[in-house]
Amino acid sequence: MQPVTQPTSSGGSEGAGAQGHAVLAELGAVAVVVAAGAFGLARRRRARLYRLHADKVANIKRRHPLELRLERHGVPGFDGALVKVPDFLPAGVFARLHSDIVGLGTSERAYVPVMRRGATASYESLITELPGVVAYYHSADLMRFISRVVRDPVEPTPINDQSSLSILHYDKPLDHIGWHFDHNFYRGRHFTALLTIVNQGSGENGLSHAVLTANFGGRIVAVPTEPNSLVLFEGAKVRHKVTPLHEGEHRVVLSMTCCTDPRARLWQGLARRVKDTAYYGVRALWT
Ligand SMILES: [Fe+2]
């Protein structure tokens, strides 16, 4: 007669433990599939949105041709990778931009401890709300001028890059940006152009204390940014910051980026999205 083997209590807990692990693994797999599906859906939606935005930008360019007459500035030197051009736009063009931008009320405030404090209106919101500003950024005159200065043909950075065109508002005491480079997330060279729209306060010459300060040519230099001045620089080479705003002051800047080759490698696209979360929140991750 064969002895009857009774299951031991330790064998029972091993079985239950194995079952628990299997359930956890299954739940984990389901969570991964759900997260991947949601991410894929969000990306497809964003891709559809960008196709719509690209159509809108094409229409804006057709309907708002702009003559900026920038030849009058000649070809300013760009040896230190930074140049400032005062009275950049013809008075009438600047007055229209100023009135459009000052009238726009929708900005997202961001506060990244130590690094940045201020409000930003993104490219997406400008495409919908300020076609005149988008037309200015895409104008052939502007891109031709920048190309002449940097001695390399440039074009606007892609539509899914939220920093391609944005409005930066400094309107609360201590708004600022700490020392940083504008890192290049593209295959070609990358440039930042800042057109100052508003700058008023109790600083030098009635300007605000939010002063663009750059480390270039081996020196740290304060660059006064009067309204209608353009500062163009290669942000990956020129470390820069904006000092804190004082009470009752106001500075508004139209920020535009362009590059010589807008293609990006996979790691460059990922790095750009992570950087953009500082300005536009986590939605920038699936742009
Ligand atoms: Fe910057």
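**Exercise 1. Determine which residues of helix α5 (residues 140–150) are buried, and how they are arranged about the helix axis.**

Step 1. In α5, the buried residues are Leu142, Phe145, Ile146 and Val149, where a residue counts as buried if 20 or more other C-beta atoms, placed from the backbone, lie within 10 Å of its own, as exposed if 12 or fewer do, and as partly exposed in between. Helices (H or I, at least four residues) and strands (E, at least two) are DSSP runs, numbered from the N terminus.

Step 2. Viewed down the axis of α5, these buried residues fall within an arc of 95°, so they line one face of the helix; the arc is that of the directions from the helix axis to the C-beta atoms.

Step 3. The buried residues of α5 pack against β1 (82–85), α4 (131–137), β7 (190–200), β10 and β12 (250–259). After α5 comes Arg151, whose phi is positive, near 60°.

**Exercise 2. Establish how far the model can be read, starting from its confidence values.**

Step 1. This is a predicted model, in which local features need a pLDDT of at least 70 and side-chain atom pairs count only at pLDDT 80 or more, whereas totals for chains, interfaces and linings use all residues. Residues are numbered from 1 along each chain as its sequence is written.

Step 2. The pLDDT, the predictor's confidence in each residue on a scale from 0 to 100, averages 85 over the protein, and 86% of the residues score at least 70. Among the elements, strand β2 (residues 108–112) has the lowest mean pLDDT, 59, and strand β10 (residues 230–233) the highest, 98.

Step 3. Over residues 1–10 the pLDDT is below 50, and this stretch has one contact in the model beyond near neighbours in sequence; two residues are in contact if their C-beta atoms, placed from the backbone, lie within 7 Å. Where pLDDT is low, the predicted coordinates should not be read in detail.

**Exercise 3. Describe the largest nonpolar core and the elements that contribute to it.**

Step 1. A nonpolar core is a set of buried Ala, Val, Leu, Ile, Met, Phe, Trp, Tyr and Cys residues joined through C-beta atoms within 7 Å. The largest such core has 49 residues, of which Val133, Ile146, Phe191, Ala193, Leu195, Leu232 and Leu254 touch the most other members.

Step 2. Two or more residues each are given to this core by α3 (123–129), α4, α5, β5 (165–170), β7, β8 (212–216), β10 and β12. The largest share, six residues, comes from β12.

Step 3. Leu254 touches Ile101, Val133, Ile167, Leu195 and Ile197, when residues up to four places away in sequence are not counted.

**Exercise 4. Work out the side-chain pattern of strand β11 (residues 239–242) and its pairing with β6 and β8.**

Step 1. The side chains of β11 alternate: His240 and Val242 point to one face and are buried, while Arg239 and Lys241 point to the other and are not buried. In a regular strand the side chains alternate between the two faces of the sheet.

Step 2. Strands pair if DSSP finds at least two bridges between them. Strand β6 (residues 176–180) runs antiparallel to β11 and is joined to β11 by two bridges; the partner of Ile177 in β11 is Val242, and His180 stands opposite His240.

Step 3. β8 and β11 pair in the antiparallel sense over four bridges, and the bridge partner of Thr213 in β11 is Lys241.

Step 4. β6 also pairs with strand β3 (residues 116–121), in the antiparallel sense and over two bridges, with His176 in β6 as the bridge partner of Arg117.

**Exercise 5. Characterise the loop residues Leu174 and Pro244 and the contact between them.**

Step 1. Leu174 is found in the loop between β5 and β6, and has a positive phi of about 80° although it is not a glycine. Most residues other than glycine have a negative phi, and most peptide bonds are trans. With 13 other C-beta atoms within 10 Å, Leu174 is partly exposed.

Step 2. Pro244 lies in the loop between β11 and β12, and counts as partly exposed, with 18 C-beta neighbours inside 10 Å.

Step 3. Leaving aside residues up to four places away in sequence, Pro244 touches Leu174, Asp175, His176, His209 and Ala210. The C-alpha atoms of Pro244 and His209 are separated by 6.4 Å, although these residues are 35 residues apart along the chain.
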